[in-house]
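Here is a friendly walk through a few charged side chains and their surroundings. Please have the sequence and the 3D view ready as you read.

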Amino acid sequence: MTQQRITEALTTAFSSHSIVFWHDADGEFSFSVRNLLPEGIELLYLDDLPALSIKLQLERATPRARFLLYSAKPVPDPASDWLLDIRLRSRSFHADNASILLEDLGLSSQQLRAHLKERAKFLKSKDRVDRLKRWVTPNDAAGDLDRKMIAVLARAEQPELSGILLRLFSALVQDGVANLDAEPKAWTDIVANDLMDSFWVLVEQEMGYRDAAPTLRDLLFRILVTDFSRTVSGSCPAQLSHFILNDKARAANASVFVAGWRSHMQHFGSYDALSGKVARELGLSAVIAGLPAESLAESMTFEEVERRIIQDLKDRIIAGAGADMDTLRELIARRRDGHWANKLLAHSSATTRALASCYDALEAATSFFELKEKFNAGFGFANAEAGLTAYQSGLFRFDQLYRQINHAADGVEPTGWALLHELRERIESAYSGWFVPQLGSAWSKVLEGSDGLLSRWKTGAWVNQPDFFEQHVMAHLEAGIRRVFVVISDAFRYEAAEELVREINGKSRFKAALTAMLGVLPSYTALGMASLLPHHTLAYRKNSNLDVMADDAVVSTLEQRSAHLSKYQGVAVKADELLAMGKDKGREFVRDHRVIYVYHDRIDLLGDKQGSEGQTFDAVAQTLTELNQLATFIVNSLNGSLVLITADHGFLYQESALDDADKSTLGDKPEGTLRAKKRYLLGQGIGQNSKAWCGNTAVTAGTTAGEGSMDFWVPKGAARFHFAGGARFVHGSAMPQEIVIPVITLRESENQSARTRAVEFSLLGSSNKVVTNKQRFEFIQTEPVSERVLARSVLVSLRDGETMISDEQPVTFDSSSGLMDERKRSVILTIRFGQYDKSKDHFLIARDTQTRVEVMRIPLKVDLAFANDF
């Protein structure tokens with residue numbers, strides 16, 4: 001130790017005491033001690049002066065005087081120490097490194113000097129000592145110091161075993177690839193600083209792991225398998241039993257550690273990689289192949305568990321008969337709350353996105369087959385109005401669920417998994433082979449004939465699409481609305497609009513309502529777009545484009561529509577161009593207009609092309625997002641108080657390849673044909689055909705009779721006239737999916753009844769004591785979720801102040817059931833092994849998953865009378 005360092009240490013000693021004893025037993029500094037004195041310190045040699053003389057000198061000194069009492073001999077026995085009274089109110093000083101460090105670290109026990117000498121390798125680094133100082137407390141023992149030294153070497157966030165293991169295990173993963181045999185630098189440092197034995201002692205104390213030749217690899221296997229064994233219902237598979245930690249109480253700490261690792265936003269990626277590697281080496285897929293989903297419902301240890309549950313649920317859904325769909329939904333909800341399929345992590349993990357999509361597909365398939373069960377006898381409508389109303393009120397769900405299933409399954413395809421292939425085949429068979437043909441057959445009966453819808457194209461209170469401007473836009477303007485925004489999304493189907501309305505109504509400031517119109521026939525873009533514009537007359541112009549005119553003006557392009565709208569104090573604009581204007585330019589653009597038509601095109605843009613029609617359902621999902629953003633921009637940035645969202649037509653889509661049965665063979669086109677598409681023929685004087693639904697646009701679209709109208713043929717049901725170009729995405733004919741046109745009326749509302757709030761929940765049971773290291777807590781969602789009462793996800797844990805003494809488990813309250821039993825949710829918390837003050841309040845705390853706002857705090861006593869396996 002340098003002289004300067006000794007002087008600095010003496011200065012520190014005198015900062016709190018005026019008298020300091022220095023017993024230099026080896027006499028190492030007997031000749032240089034005077035040169036080591038800090039300024040203002042008087043030196044007294046104990047070996048040269050009688051005790052009485054020293055006492056007198058100290059008593060006669062001024063109050064500000066400070067003395068170093070130096071001896072080249074050991075500290076005398078207290079019984080023969082004449083200066084004991086002075087020694088008891090003074091401070092002792094030692095000039096060896098260990099003693100200096102003892103002082104620097106603020107440790108109170110002199111017995112630690114020997115231990116610090118043993119840790120000389122670690123302590124020779126000033127940087128390591130400085131980092132160690134942050135964590136040392138005066139009463140630390142040798143084991144505490146070693147734990148904190150190991151934490152320094154591991155660069156852990158906190159000086160706890162969990163933080164140390166997190167760093168060590170995470171270092172086994174490089175660039176997303178796990179190497180169980182790698183030796184992390186932190187581990188090399190632990191070994192090099194003679195702290196390896198202390199590390200394994202710490203692991204045994206905390207988790208009960210002990211082995212003749214312990215390794216990080218073996219410890220990882222033990223921790224993961226133990227966590228799995230503690231969460232699987234029933235006996236753990238025999239193939240894994242030798243990996244289970246024997247100390248059941250301390251094994252709880254392994255589960256708490258694993259749960260914290262999984263939920264750590266910086267390190268969960270390493271957990272995923274390592275647990276996957278361990279699962280493959282264990283052959284876990286085969287080990288758990290026979291376990292039912294219920295046995296694995298609470299296990300989050302391995303991704304293979306998720307795949308096994310998905311496989312089991314998929315098999316049950318396909319089997320159908322006797323499957324308890326409510327149980328399946330509960331299992332799906334629990335797994336969505338867990339680690340592997342949690343959508344909150346989907347942005348950073350392709351695997352999580354795929355697993356979440358699997359559950360989306362399974363849930364939608366469950367609802368699809370339940371719905372099918374209600375209509376196994378097929379469909380029957382008393383008249384066209386009954387058929388349209390039936391579709392609007394519920395049958396649209398077949399199309400919606402079919403889309404959701406396939407879109408979710410498409411999200412799984414990039415992984416190469418075959419988990420959902422059989423399910424997709426069954427859904428395709430049920431949808432394209434049963435629903436669409438059955439619906440088409442029933443619909444045909446009320447469409448055809450002298451009293452059928454085709455003969456008059458008007459039914460009940462349904463608004464026809466050509467009356468949209470008068471019935472919806474003008475009605476609001478005349479009622480005092482200053483400005484109306486009309487958003488028209490090409491091929492935006494009714495079922496997608498219903499989903500959008502549910503999303504919009506989840507926003508506190510918005511209130512959306514959905515109604516439907518009877519679309520024009522043929523149901524294609526040019527005619528549908530023209531019919532939505534203000535007009536007195538609609539008519540065809542017999543040119544190469546077969547343009548549709550509104551009030552004798554061609555309205556095929558955006559510029560033409562904008563010019564036509566200007567007569568009504570209106571303007572037309574593309575959706576992306578309006579958004580690009582931003583707030584200020586956007587307000588300036590709409591300022592002088594009462595009617596703004598905003599055109600959005602994604603579904604038809606992709607679906608109506610052979611090369612991209614397979615992206616139709618992804619286009620619908622994007623459309624829902626974009627229309628939501630567009631409506632929000634209009635209301636928030638452009639002060640739009642009323643937004644109408646509608647479409648020109650809908651569409652039919654099926655995943656499976658079409659065959660001859662889907663083709664309505666016409667032979668040669670009839671004389672007089674002016675346009676021939678997959679789902680319609682237009683012409684004049686084309687006559688009738690028994691293989692098609694036939695009519696005239698004067699009836700079905702209100703076009704001017706005679707030269708201004710067109711005869712049409714459209715194929716019956718879901719058939720196509722030909723297969724040129726894409727054939728899976730089609731529109732133009734008269735199926736409900738094509739002609740039930742949505743109209744969403746969206747307003748801004750500050751009315752209290754329109755505000756949304758999160759659903760409430762409470763803890764069930766009267767016990768306020770935790771007595772086992774695995775404790776089940778049951779909650780009740782106090783009300784159903786609805787448009788204005790929103791689902792809520794929370795993280796539940798047991799805490800001592802801010803310190804978690806359990807793992808943290810997610811739970812979601814999203815039931816729309818009116819039955820309280822169906823709104824119960826439970827969570828199992830694993831309590832850390834340790835000693836707890838039985839008289840002290842600990843707290844069961846629930847925090848919002850996204851905001852981390854505390855929403856529940858319940859005092860509990862912790863009295864771990866015994867450990868259990870649950």
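The side chains of Glu160 and Arg147 come together in a salt bridge, with 4.0 Å from N to O. The term salt bridge stands for a side-chain nitrogen of Lys or Arg within 4 Å of a carboxyl oxygen of Asp or Glu. Glu160 sits in the loop between helix H8 (142–154) and helix H9 (161–170), while Arg147 belongs to helix H8, so this pair ties together parts that are 13 residues apart in sequence. Helices (H or I, at least four residues) and strands (E, at least two) are DSSP runs, numbered from the N terminus.

How buried or exposed are the two partners, Glu160 and Arg147? Glu160 counts as partly exposed because its relative accessibility is 39%, and Arg147 counts as buried at 16%. Here buried means under 20% relative accessible area, exposed over 50%, and partly exposed in between (1.4 Å probe, protein chains only).

This is a predicted model, in which local features need pLDDT of at least 70 and side-chain atom pairs count only at pLDDT 80 or more, whereas totals for chains, interfaces and linings use all residues. Residues are numbered from 1 along each chain as its sequence is written, and side-chain values use heavy atoms, with hydrogens and water left out.

A search of the whole structure finds 56 salt bridges. Side chains of opposite charge can pair when their charged atoms come close. The table lists some of these pairs.

| Pair | N to O distance | Place |
|---|---|---|
| Glu160 and Arg147 | 4.0 Å | loop between H8 and H9; helix H8 |
| Asp218 and Arg222 | 3.7 Å | helix H12 (residues 216–231) |
| Asp312 and Arg316 | 2.8 Å | helix H17 (residues 303–319) |

Asp218 and Arg222 are four residues apart, about one turn of their helix, and both are buried. Asp312 and Arg316 are also separated by about one helical turn, being four residues apart. Asp312 is buried at 10% relative accessibility, but Arg316 is partly exposed at 21%.

Now turn to Arg483, in the loop between helix H22 (468–478) and strand E8 (484–489). Arg483 counts as buried because its relative accessibility is 9%. Leaving aside residues up to four places away in sequence, its contacts (heavy atoms within 4.5 Å) include Val590, Ile596 and Leu642. A polar atom of the Arg483 side chain lies 2.9 Å from the backbone oxygen of Arg591, and the backbone oxygen of His593 lies 2.9 Å from a polar atom of that side chain.

Technical notes: A polar contact is a pair of N or O atoms within 3.5 Å; within protein, one must be able to donate a hydrogen and the other to accept it, and residues adjacent in sequence count only if both atoms are side-chain atoms.
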